[in-house]
Amino acid sequence: MTVAAEPTRTHAAHPPPAPAPKRHPWQRVARLGLPYLLLLPAVLFELLVHVVPMLVGIFMSFKQLTQFFIRNWSAAPFAGLANYRFALDFDGVVGQKLLHSFEVTCGFTVLTVGVSWLVGTGAAVLMQDPFRGRGVLRTYFLVPYALPAYTAAITWEFMFQRDNGLINRLLVDDLHLFKEPPFWLLGPNSFWALVVTAVWRTWPFAFLVVTAGLQNIPGELYEAAALDGAGVWRRLRSVTLPQLRPVNQVLVLVLFLWNFNDFNTPYVLFGNVAPPQANLISLQIYDTSFHSWNFGSGSAMSVLLLLFLLLLTTAYLLVTNRRGKADG
Amino acid sequence: MADRIAAPPRRSPMAPPPSFLWTRRIGLTLLGLLTFVPLYVLSSSLKPLRDVQAPFEWIPAHLTLRPYVDMWSTVPLGHYFLNSLVVCSCSTAVSVVVAILAAYAVSRHQFPGRNLFSLTVLSTQMFPGILFLLPLFLIYVNIGTATGVQLSGSRLGLVITYLTFTLPFSIWMLVGYFDSIPRELDEAARVDGNGPIGALVRVILPAAVPGIVTVAVYSFMTAWGEVLFASVMTTDATRTLAVGLRNYASQNDVYWNQIMAASLVISVPVVAAFLLLQRYLVAGLTAGSIK
């Protein structure tokens, strides 16, 4: 194939695409440089929005950066590892809050990803075989995912109002599950309000991806399983789930990262200060930086969060890849 | 084909049992209700304020369109709308154009540094936005003090910060999309006398239109729903919808009916675009995520 392609590659020329004249040495240079030229804008923007800010962030995390130094932060005194020590000192005020928000975030993420995956996969499997109205229903299920993050969260905030909200109307007046209408946006219940809102927004994505994954499973596998006398459940366990493994590997990782880093949902749901029970780690860092004006601590927390995510993702990819290979 | 025709008698063991059909009916009904409930609450946008402040009623007692009229004057919603539109369109446009060039390079050329670039793009996608927010904020403040150019609080500043999430996503998706276009097409274009850029413009771009549309719509949607950067990087003049909706809460009242009306108006175009294009979106998202 490469041999056949060789003659065509030689007249790589710049536009206008007139039939290329004889190859000049500079054209070879241009061809070698072309990929870099194409990449140049992307590299510049990557430097601007990712690489430089990340380096600055790491630099800042070693500085004693309070509101007095914001105008001229490079003049802030060096703090050494003090920011990290405070963040990791779980008996101190800063560290205690960070640890707590980390625990809340872990619980929230595991619950949200687990439930969203279950519901999304369940819906996708139920809708695997054609039936009347399937296309319409599939589109309809995507609505929560298509909504802007804050309109979804603000709608749930409205529904979770204690006195006049829909949720308490359903649970207290219609179903009589509670005697007194509970507060949903304050206290321990706020965690569940957050999970419900996040799951509502997340499961359609799981549904979307799993549905696409199901379409790639060859029908012959099901026919063979059916001929062997496998029922619905057996087919799900022995054909569908194993075939979905590569899809799930990516899906779970993406869902995990989204929810772990989620800021929009709790920020809109609870306003500037979230109840401690629903204070995700992004909010904690935001609060430390923009309300306590302690950018040094905020940066140190960001760096710690980044390290945690890097370690976890790498471990996850190593484990799932090895398991995938072992199963062959 | 012959297999297909012979299939019906064989399909009988495949037919789902009644228990499955009932599970399906019940399950899908429950999910349908779950999806529906918040949409129904938008009927609150058709109630006068005092009804919204009373215990929730399924059917509005006094139907009114006032909230849809008042919402434009209670807060400068039109202004927020314009800000969101400008910022989201600009960051989408920039990231799509930049990503097309970069994705073409990564998908069709071998060069030293290719893997490093891909890895950087891929890994920045997993980083939390807060990680870039703090340094970008301080960099903007510093640029402001040094040169007098106010990036923090300006639309341009917000466009740049939005690139932190639209750009890596666009590059990643488009590489997957370009990879799925057969190389024979470029080679044919080369034989016809096109250079590499000619091949990109004449062959790859037309073939990748669904992918490019996907990426554009998706970037726009993500930017449209973004709260974190908007809450720090805007001033009263450059407020986007995401933050502006907050202003419906005054000291005495929260104008919930107007918030609901505004949310509906803000969401409908985005949701409609998503649903209309969902076929392409699904194909694009899975091409990116399964590879």
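Me: A salt bridge is a side-chain nitrogen of Lys or Arg within 4 Å of a carboxyl oxygen of Asp or Glu. How many does the rule find across the interface of chain B and chain A?

Reply: Just one salt bridge turns up between chain B and chain A. Arg169(A) pairs with Glu57(B), and their closest N and O atoms are 3.6 Å apart. Bear in mind that this is a predicted model, where local features need pLDDT of at least 70 and side-chain atom pairs pLDDT 80 or more, while totals for chains, interfaces and linings use all residues. Residues are numbered from 1 along each chain as written, chains are lettered from A and ligands numbered from 1 in written order, and side-chain values use heavy atoms, without hydrogens and water.

Me: Which helix gives the largest share of chain B's side of that interface?

Reply: Helix H2 of chain B (residues 18–41) does, with 14 residues; a helix here is a DSSP run of H or I, at least four residues, numbered from the N terminus.

Me: And how do I read the size of the interface?

Reply: It is often given as the accessible area lost when the parts come together. Here chain B and chain A bury about 9400 Å² (1.4 Å probe, summed over both), and carbon and sulfur atoms give 76% of that area. In contact terms (heavy atoms within 4.5 Å), chain B brings 101 residues and chain A 107.

Me: Is Val270(B) buried or exposed?

Reply: Val270(B) has a relative accessible area of 7%, so it counts as buried (under 20%, 1.4 Å probe, protein chains only). Val270(B) lies in helix H14 of chain B, residues 256–276. Leaving out residues up to four places away in sequence, Val270(B) touches Ala146(A), Met221(B) and Trp224(B). Val217(B) is 53 residues from Val270(B) in sequence, yet their C-alpha atoms are 8.5 Å apart.

Definitions and conventions. Buried area = accessible area lost by both parts, 1.4 Å probe. Helix = DSSP H or I, 4+ residues; strand = E, 2+ residues; numbered from the N terminus. Buried < 20%, exposed > 50% of the residue type's maximum accessible area, 1.4 Å probe, protein only.
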